[in-house]
Structures are given as structure tokens and as C-alpha cells.
Amino acid sequence: MNLLSVENIAKSYGERVLFADVTFGIDEGDKIGLIGVNGAGKSTFLKTVAGLETTDSGKITIGSSVQTGYLPQNPEFDGKATVLEHIFRGDLPVMRIIREYEAVLYQTYRQPEDAKLQQRLIALTQQMEVYNAWKLESDAKIILTRLGIQDYTAVVSSLSGGQRKRVALAAALINPADLLILDEPTNHIDNDTVAWLEQYLMNHKGALLMVTHDRYFLDRVVTRTIELDKGKLYTYTGNYSSFLELKAEREAQQEASEQKRQNLLRQELAWIRRGAKARSTKQKARIERFEELSAVPTEAGGKQLELTAGASRLGRKIVELQHLVKSFGDCNCINDFSYLVLKNDRVGIVGPNGSGKSTLLNLIAGQLAPDAGQVEVGQTVKIGYFSQENQALDENVRVIDSIKEVAPFITTDNGGTVSASQMLERFLFPPALQWMPVAKLSGGEKRRLYLLRVLMGAPNVLLLDEPTNDLDLQTLTVLEDYLDNFHGAVITASHDRYFLDRVVDKIFAFTGNGSIKQFAGNYSDYREKAYLAEAAAEEKRQSPVIPKETGGDRTRERQRRLTFKEQREYEQIEDVIAGAERELERIGNEINAAGSDFAALQELIIAQRQLEQRLDELVERWAYLSELAEATSRK
């Protein structure tokens, strides 16, 4: 079933053409990833499809009963609204009923003797049943909890930027929608939450259109990829890996076609120069053919962004962290952490949001002072800090002046120089863009410009705080290649699993209470080691301790027999499992009936998780005892 059709739409801002003559459709169940360089118009394209931007030409047709949900890259909030009020905003009947129910419930609590309020509450309770609103409310609170939002009554204006983005994401996920449109949904959420969101969207029944820089996310979620490139839209069947293969084929075909056109153009040009006479119809036709070939725009592959590694000399002593301690109020972020940074270190920092990743980078950069311990930086060290905010950008200056403020040129490894203008072109800033004010750039272009400012300073120690946020995939790919050839240390905090796998060979993991554990390898290596450690600890906790005896055969024989105590446990464990399942079902019913009692709901969710874990342990124990019972019966 077709949900939405786009026919020949175009959009421009002044002389800048974002896209033109774009046609495509979205069917039920489609999961589409939109790809393009920063400034190509991806966010504008999503807004246009969502009906929030008008087109210059063409039309968008959407089914009369089709509901759409939209998550912008920079969500807007009512500063006075609570988390749940923001979640349940909207004009859908079920949302209006939930909002009115909660308002009347609060009034009834304040005026319990008011008969009219009591009657209205009863009526709304019945409507909540009709629209299945209890489940929607419960699901919203569960999603908020999974996204790390625990206080549902908190005022949105009191939350951090990352928390507000997660509230907006929860609102988009919970609203019933046939088509979900998401602009950078993985920004500002940690690795574990990204993995959960990935699984959630894979199981999402509605259609999906999204922009994201997370390549693992694209690979595992999307079934179709569309690319905005120089104002045109290209469609590819498959995920990100398929897109890379098919795009390479498309560009190879374009290059071959362009080569053929250039050959024909040279032949016609030679004929013209030999003195074409315009008397005959055939000669006129050849001249017209030459003019047509000359007028065809070049369709060669996209200009590749190139980075020249220019770094300052690095001495023996780089950065030494000695017994660092840092707290904010009751939050103990870093507790007694020491590390000696090496010349070619490639370190990735991971952990939940708010655990202290940015704090550690700020301590190394000297932007924060530790509560205890010290940071010693070598005399030859020149730190380049790419933070989450574009702190160094003055939006009133021109793009080229913003770069020249740092350096008019950089020196390359071979002793040559590259000017600021040349570096900008290599960063996909053509001359026309270089003379524009920074304020007119897109969010992704500003991010790319900020990255160039950091690198133009020729640092020899790079600190990267969430470098993949708002950068396009082409920029990320070349940044990774640049880091391969960078002669210095790189320390990055990132939730991008692909980026971490590609760049780092050591992981600092924040594990709670200010503890930071070190792991050798990239992110996938770290996750595998962490999983194996958790599994081993769980197995050790569950496995019975059996006394060792001399004689290998006798020991193995005794280990395979049920003891009297284990026999009694085996006879009773199925009843225990059944009781746990009944208790889990009861808690599930209480969660659905909890309504707006947020404190009770959180307690129930915690109890549900604990009981699910207990049930898993019981089932594993039953399987172990069953094996022993079977072995015993054979003797």
C-alpha cells in the first residue's frame, strides 16, 4: 500500500538549489535511509515530506488516513511543559483524552467532593478504555525509562540538551504513526540506547524515513537507501553496504559516459576548427550537435573531501593523568583515575549519558580543574579540542575569514603548504560558499567548518567529543582516513560504534561510581569482552560449588549425580517457575493500570525487570538440574 508519493518537487534558497525534479514514493513497511553531504538539503527534504515546508514546484500526495510522526534535528519545546505533557501533545483523539484525563484527575485530587468532576473522571476513564489509552501511557513511560528519562514530571526547560532530544525522540516513537520521519535520532544517546533504538525500529510496523550518520544503524535497520547528490535524488535497494556498492557502480557508469562525451566533444571540436562550412544541412547538424554536447553538465563522481595531515612535533612527554577525582554535587564522575597518554594512542571513551565522558576530556584540555590529582601536559603538546558545541565559530564573519583566524595556511608532511581557501575547497566549501557569512551555513556545514578550524591549528593531540554528531558520512569517512595518518594521540568520546571500531584500539569504559576500566581493542572487542565477563560472572553465581575429590573419573561421576538437596529442588522448581510467571503477569497488569501514578509505575517497572532476571535464572537452573537428572537416571 502506497502511503506517500512525491512528484517532481523542487526547493531552493536564493541561488542555492537543494533539490529539483525529485520523484519517489513510500510504501507500507518501507524503512528508508536518506544520505547526503552536509548542506545537501536532507533536513529540508524531511521537513518537506512531513508537510512542514512548502515546495517551489511539484506536489506531495499523502493518503487521507495516513498519520505521520516527525522528529526534527533541533526540537522545539514549551519550556513550561512537563515531560509527559510534551509526550502527549498533539491533536489525535487519544492524546486529547490522555491530557484531559490527567488534568481532571489532578483537579479531582484537589477537590474530591466535586460531584461533576467525579462524573467527568468516570466518563474519561471509560474513554481511556475505548481508545486503549492505558497501554499508550504505559508504553510512553517504558520508552522514557529506556531512553534514560526517569522523572516524568520534570519541567522540560530544566533538562539538559541531550535529555530534551531524548524526550522529543520518545514523543515521536509513542505517537501512533503510519510513517515515522526521524532526523538524526541517534544524536545525544549512548551506545546501549542506540542498540535498543535499533532493535525497536527494526520491529516497528510502520514505514520509516530517517537521516542518520550511524552506519551500523543504517546497515541493520533500512531496506532502501536514497541519496541527495547535487540536487538530484538517487534510489538504491538495500542497506548502507548495498548503497556503497551500487553507488560505486553508478559513478563508474557516469564516469564512462562522461569520458565518451568528452571524446565526442574533442572530435567535433577538431572538425569545427578545420573550418566547418555552414552551407549544408549536414554541416549545420554537426555544429548543433557540438553545441548540445558542450551544453551537457559534467556528471563525474562527487568531489572527494581530502584532509592534509599537518601536525606539530611531539616530544617524549605528552599527557599524564595522576589520580584524578572530579565530582558535581552528589555525582561522582571520576574517582582516582590515572593514565599516561602515549604518542600514537587511539583511545575511545564510552559510557552512559552523564557518566563523565565529556568531563574527562575537559580535564585533559584544561577547561576543568580536578577536585584532586593533576593533569601534566608536555611542553611540545598542542591540543586540538573538537567539542560538542561549535564554541569557536563567530557567525557574523565570512567562512574564509573564520579559517584565516586560525591560520592562513598549513604545512604538509612533505614541507609544502596548503592555503585556507584550498583547504576549504577540500572540505566541500566552493568559492561561492567561502564568502558567505557563517550564519547562512547549515548545521552540518558549521560542524564541518569547526572541524577544519581545529585541524588548521596543526594539533598533535586530538580530543574529539562526539565527533560524529551532525557530520555527513562522506566527511566521517575521510576524517577516519585522516586519523589513520595523524602523527599524534587521539582520544575520542563517541556513541558511534562504527567510528570506534574503525579508529580506536583502546577503550575507556565508565562503569559507574566514577570508575573507569581500560580494555584493549576497538568497541566490538570491548563489547565481546564485557559480555563474556558478565556471562562468566553469572555462570559462577549460578553454578553449585562441588567439592573436589581425587580420581578424575570418580569426580566426574559425582558431579553428574543429583544430590538429595538437588533432587528436592528439581521436583519443586517447575512450580516455582510457574509462580514467577504468574507474578510477572500480575505486575504487567498493574503497570497497565497504574495510570498517572508515576512513582508506583517506576517501582513496578523495576520489580518487573528484577522478576524477569529471576525467571531467566530459574529456567537456566531448571535446564542444569534436568541434565543432571537425566545423567543420574542412566546410571
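The following exercises, each with a worked solution, concern a predicted model of a protein chain.

**Exercise 1. Overall make-up**

Determine how many helices and strands the protein chain has, and what share of its residues is buried.

Solution. The starting point is the secondary structure, which comprises 21 helices and 20 strands in the protein chain. The next step is burial: of the 635 residues in the chain, 46% are buried. The last step concerns contacts between residues at least 6 apart in sequence, of which 69% join residues at least 24 apart.

**Exercise 2. Two cysteines**

Decide whether Cys331 and Cys333 are bonded or unbonded to each other, and state how exposed or buried each of them is.

Solution. A disulfide requires two cysteine sulfur atoms within 2.5 Å. The closest cysteine sulfur to that of Cys331 belongs to Cys333 and is 3.6 Å away, so the separation is too great for a bond. Cys333 is likewise in no disulfide, its nearest cysteine sulfur being that of Cys331. By this rule the count of disulfides is zero. As for accessibility, Cys331 has a relative accessible area of 34% and is therefore partly exposed, whereas Cys333, with a relative accessible area of 3%, is buried.

**Exercise 3. Helix α5 and its two partners**

Describe the packing of helix α5 against helix α3 and against helix α4, giving angle, axis distance and contact residues.

Solution. Two packed helices are described by the angle between their axes and the distance between the axes. For α3 (residues 93-110) and α5 (residues 133-146), the angle is about 80 degrees and the axes are 10 Å apart. Because angles of 65 to 115 degrees count as roughly perpendicular, α3 is roughly perpendicular to α5. On the α3 side the contact involves Val94, Met95, Ile98, Tyr101 and Glu102, which meet Ala133, Trp134, Leu136 and Glu137 of α5. Sorted by class, the residues of this contact are seven nonpolar, no polar and two charged.

For α4 (residues 115-130), the angle with α5 is about 80 degrees and the axes are 5 Å apart; α4 is accordingly roughly perpendicular to α5. The contact is formed by Thr125, Met128 and Glu129 of α4 together with Ala133, Trp134 and Glu137 of α5. The classes in the contact of α4 with α5 are three nonpolar, one polar and two charged residues.

**Exercise 4. A six-stranded sheet and its helices**

Work out the strand order of the open sheet of six strands, identify its edges, and say which strands helices α1 and α6 lie against.

Solution. Strands of a sheet pair through backbone hydrogen bonds, either parallel or antiparallel. In this open sheet the order is β5-β6-β7-β3-β8-β9, and the pairing is mixed. The edges are β5 (68-71) and β9 (232-237), each of which pairs on one side only. From one strand to the next, the twist averages 15 degrees. Within the sheet, β3 (residues 31-35) pairs with β8 (residues 224-229) in the parallel sense over four bridges, and Gly33 stands opposite Thr225 in β8.

Helix α1 (residues 42-49) packs on the sheet and touches β3, β5, β6 (179-183), β7 (207-211) and β8, its direction making about 155 degrees with that of β6. Helix α6 (residues 161-174) lies across β5 and β6, and runs at about 170 degrees to β5.

**Exercise 5. Ile349, helix α11 and Leu393**

Establish the surroundings of Ile349 and of Leu393, and the degree to which helix α11 is covered.

Solution. Ile349 lies in strand β12 (residues 346-350) and, with a relative accessible area of 0%, is buried. Leaving out residues up to four places away in sequence, Ile349 touches Lys357, Leu360, Leu361, Ile491, Thr492, Ala493, Ser494, Phe508 and Phe510. Its C-alpha atom is 9.5 Å from that of Val504, although the two residues are 155 apart along the chain.

Helix α11 (residues 357-365) is mostly covered, since seven of its nine residues are buried. Among these buried residues are Lys357, Leu360 and Leu361. Gly366, with a positive phi near 80 degrees, follows α11.

Leu393 belongs to the loop between β14 (383-386) and α12 (399-404), and its 15% relative accessibility makes it count as buried. Beyond its neighbours within four places in sequence, Leu393 is in contact with Ser402, Lys446, Leu449, Tyr450 and Arg453. The C-alpha atoms of Leu393 and Tyr450, which are 57 residues apart along the chain, are separated by 6.9 Å.

Conventions
Residues numbered from 1 in each chain as written. Predicted model: local features only at pLDDT ≥ 70, side-chain atom pairs only at ≥ 80, totals over all residues. Heavy atoms only, no water. Buried < 20%, exposed > 50% of the residue type's maximum accessible area, 1.4 Å probe, protein only. Axes fitted to C-alpha atoms, helices over the stretch in contact; angles between N-to-C directions. Helix = DSSP H or I, 4+ residues; strand = E, 2+ residues; numbered from the N terminus. Parallel < 35°, antiparallel > 145°, perpendicular 65-115°, else oblique. Contact = heavy atoms within 4.5 Å. Nonpolar A, V, L, I, M, F, W, Y, C, P; charged D, E, K, R; others polar. Pairing = 2+ DSSP bridges.
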